[in-house]
Amino acid sequence: MASFKPSVIAKPVNGGGDRVGLPHCNSGEIHVIIGPMFAGKTTALLRRIRSEGNNGRNVAMIKSSKDTRYAVDSVVTHDGAKFPCWALPDLTSFQQKVGDDAYEKLDVIGIDEAQFFGDLYEFCCKAADHDGKTVIVAGLDGDYLRRSFGSVLDIVPLADTVTKLTARCELCGKRAFFTYRRIEETKTELIGGSDVYMPVCRQHYVNGQVVTGAAKNVLESRKVQSESCVEAAAAI
């Protein structure tokens with residue numbers, strides 16, 4: 001699991017209270033990174049978390065235990081970059097898992113694949129508003145039908161900043177804002193990689209039948225290339 005660096009706890013000012021007599025609490029922050037699949041959301045999240053850690057802040061990463069595509073106890077980008085994390089079924093259990101003392105020392109909490117956490121809104125409110133944590137959230141803003149996915153959009157009104165990333169359309173190379181599902185499965189939560197999803201531009205998303213045919217061609221082409229490489233290796 002993630003290790004925790006020593007952190008500096010700020011001392012209360014004005015005798016432990018503010019000018020109106022309320023308990024003093026360092027205010028936290030919430031930063032949201034959204035976009036379609038393959039837009040670099042996890043890469044952006046890891047870059048920010050590493051930067052915070054390098055600046056001496058105590059950091060921790062959380063991901064959904066549902067996501068076991070690349071590793072169980074690490075957040076992993078599509079290109080292989082890794083960072084140790086807590087894999088949890090919900091966010092409410094995080095403080096209990098790490099322990100009260102370790103949680104108290106935390107400065108920054110990263111949350112990957114945030115769309116899978118039903119208690120995202122409640123957790124972010126408590127962590128930032130009451131516990132003074134900086135929370136950096138990365139997740140899909142929409143599902144394959146372009147509908148709101150999970151609670152990610154619910155925390156936009158809470159956020160200090162919102163960054164929407166785009167990918168490259170796999171069919172034409174233009175900016176891709178949407179995630180297209182290659183297969184016919186209709187359940188919302190279907191975890192997969194490039195074998196199941198691809199980023200597409202608006203034109204190719206709307207032209208769904210064209211996309212489906214093109215997606216099959218792309219997959220078949222990759223399969224042929226893979227088989228050719230295997231045959232060439234066997235011939236050597």
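**View 1. Surroundings of Arg147 in the predicted model****.** Once the neighbours within four places in sequence are set aside, Arg147 of this predicted model is in contact with Asp141, Gly142 and Thr188. Of these partners, Thr188 is 41 residues away from Arg147 in sequence, yet the two C-alpha atoms are 9.7 Å apart in space. Arg147 itself belongs to the loop that lies between strand S7 and strand S8, the latter covering residues 161-164. With a relative accessible area of 43%, Arg147 is partly exposed, because this value falls between the 20% under which a residue counts as buried and the 50% over which a residue counts as exposed.

**View 2. Strand S7 and its two partner strands.** Strand S7 spans residues 134-140, and seven of its seven residues are buried, so S7 is largely enclosed by the rest of the structure. One partner of S7 is strand S1, which pairs with S7 in the parallel sense over seven bridges; here Ile33 stands opposite Ala138 of S7. Strand S6 also runs parallel to S7, and four bridges join these two strands. Within S7, Val137 is the bridge partner of Ile111.

**View 3. Helix H4 and the elements it packs against.** Helix H4 is made of residues 120-130, and its buried residues are Leu120, Phe123, Cys124, Cys125, Ala127 and Ala128. These buried residues pack against strands S1 (29-35), S2 (59-64), S6 (108-111) and S7 (134-140), and also against helices H2 (94-98) and H3 (100-105). Together with strands S6 and S7, helix H4 makes a β-α-β unit that is right-handed. After H4 comes Gly132, a residue whose phi is positive, near 70 degrees.

**View 4. The whole protein, as a setting for the close-ups.** The elements shown in the other views belong to a protein that has six helices and 12 strands in total. Of its 236 residues, 43% are buried, and the accessible surface of the protein comes to about 12800 Å², with 51% of that surface belonging to carbon and sulfur atoms. When contacts between residues at least 6 apart in sequence are considered, 69% of them join residues that are at least 24 apart. The pair Arg147 and Thr188, with their positions 41 residues apart in the sequence numbering, is in contact and can be looked for again in this view.

Note on methods. Residues numbered from 1 in each chain as written. Predicted model: local features only at pLDDT ≥ 70, side-chain atom pairs only at ≥ 80, totals over all residues. Heavy atoms only, no water. Buried < 20%, exposed > 50% of the residue type's maximum accessible area, 1.4 Å probe, protein only. Contact = heavy atoms within 4.5 Å. Areas by Shrake-Rupley, 256 points an atom, 1.4 Å probe, with all protein chains shown as cover. Pairing = 2+ DSSP bridges. Right-handed = clockwise from strand over helix to strand, strands pointing away.
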